[in-house]
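Here are some short exercises to work through with the model open beside you. Try each task before reading its solution.

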Amino acid sequence: MSTSSRTELLNLLGDVKARVQDKLGAVEFPMPQFILMGKQSVGKSRLIETMAGECFNFISGTLGSRRPTVLEFRNLPSATTSRWHVRNPETMVWEQFPAQKVMELVGARHEELGADVSSDAVYVRLESANCVDMQIVDLPGFRDFALDTSKEALARKIEALVTRFMQDKNNVMLCVEQANDAATMSSLAKCRQVDPNFDRTVLIRNKLDKYYKDLTPENVSQWISGHGDLPQHLTCFSLTLPHWKDSEAPPVPFDQLTESMNQQDIDEMLSKDIPPKHMATIGFRNFSNFMEKKIEQMFVDSIGPVMDKLNEFNSEHTTELENLRSEYTDTDPHKILSTTRDCGMAFATALGDVMKGQLGLEYYTTLEDELIDFHKFHADNDAFLRVPTQEFSGVGDYIEYLRDEAGIPTFGDELNGGAQFRRLMEEVEIFLRFSEIAVETKKRDVIQARGVSMSSLTWRDVVVKLLGNEAHLPLQQRV
């Protein structure tokens, strides 16, 4: 794949992941990425600078980095100067700044955490003719020593943060260790815990130049294999990164110094008669070539799962959108008013169908069964009389009266609907006829009820007054 095609692929997939996470938050997304992990001072920062092709330093204070830094390196052969960008966390738009300003912005994002950590990454993009074409997540370094309890707590938080990234099976771990005895590589041991077969682990043994004098044609093969402590299938590179005295500036431009160190590693190892199969694991250029090919392979393999995940997101959100549209339509005030009216009209007209009665229904009842069920339901209710007068000893006596003396025509017929309602009204009328005025009506009461009126007052009006005053309580007891 050409450099321009690889750059376009990285930009496309990176933007897709950024947009998905911007809209949906931190979701599981099947896109691979490289994570850089290791202890402090093993050369992680210098490795990043070598990938970038220039020297820089994120200003992270005395506590170092405390959150992931996603670095997107885009190789542009035609670029005459480096272009640095930082992605705005609010607008998710890349904003270009001078290199020094980028260092300050990234450092401020780390410093704002104080003695805490965060999984929210800061995103930096570099476009340059000297950088490799790849994306990498720089994680805070493991801390072996802490001077006080606060720094011990910070070290534990950092280890927990890095471990979460290591456990993600979409992440390929770039484990940086010094090129010493493989048995003492503590970061590699942490990789083994989450990736026992080292299927997604790449070991980078830094500071190879410190061991030139220890290597001989007799032991170089054993040293490359870690004297048996490194699995044969573990992808491993040994290299020397650019370095110079801390108090001095680089003796030559950084990219030239990188090439010089790379060639020095190759020449030195060739002088030790290193086997050809191990030569591809020596030097930074072999490492960067491996990384570029690995990126192509990983991202090509991820296109299928990424498309499946995007289709899943699309299906879920299409369904949610349809539900929201349906809810919006159903909650339209005009439609609610119309629906309410339709319900009211349906309820009002339904009584007509009920009163007409329905053939073929399973529920039919006689008046006797209806009265017995009514009395059972109100057995504990003393708020009203359950028989019209005390002359009836109980509901059975009252039922005999309705059947034998009142002569309700449909007493023994099983009915429902309107026919049942008409029969009930006949029973209610008979029940209420037993309502009597509880006291004797005297002549004085009649005269008092008639009184003197400015308009005509009939005897019907007088009777209504007397009944309203004296017959209300007996009637109430029967309702």
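**Exercise 1: the strands**

Strand 1 (residues 33–38) and strand 7 run parallel, joined by 6 bridges. This is a predicted model, where local features need pLDDT of at least 70, side-chain atom pairs count only at pLDDT 80 or more, and totals for chains, interfaces and linings use all residues. Residues are numbered from 1 along each chain as its sequence is written, and side-chain values use heavy atoms, with hydrogens and water left out.

Task: find the partners of strand 7 (residues 171–178).

Solution. Strands are DSSP runs (E, at least two residues) numbered from the N terminus, and two of them pair if DSSP finds at least two bridges between them. Begin with strand 1, where M37 stands opposite C175 of strand 7. Next, take strand 8 (residues 201–206), which pairs with strand 7 in the parallel sense over 6 bridges. Here E177 stands opposite R205.

**Exercise 2: a residue in strand 7**

Task: decide why V172 counts as buried.

Solution. First, locate V172 in strand 7. Buried means under 20% relative accessible area, with a 1.4 Å probe and protein chains only. V172 counts as buried because its relative accessibility is 10%. Then look at the whole strand: 7 of its 8 residues are buried. Finally, list the contacts of V172 (heavy atoms within 4.5 Å). Leaving aside neighbours within four places in sequence, they are Q33, F34, I35, R200, V202 and M298.

**Exercise 3: a distance**

Task: how far is the C-alpha atom of V172 from that of I136?

Solution. The two residues are 36 apart along the chain, and their C-alpha atoms are separated by 9.7 Å.

Methods: Buried < 20%, exposed > 50% of the residue type's maximum accessible area, 1.4 Å probe, protein only. Helix = DSSP H or I, 4+ residues; strand = E, 2+ residues; numbered from the N terminus. Contact = heavy atoms within 4.5 Å.
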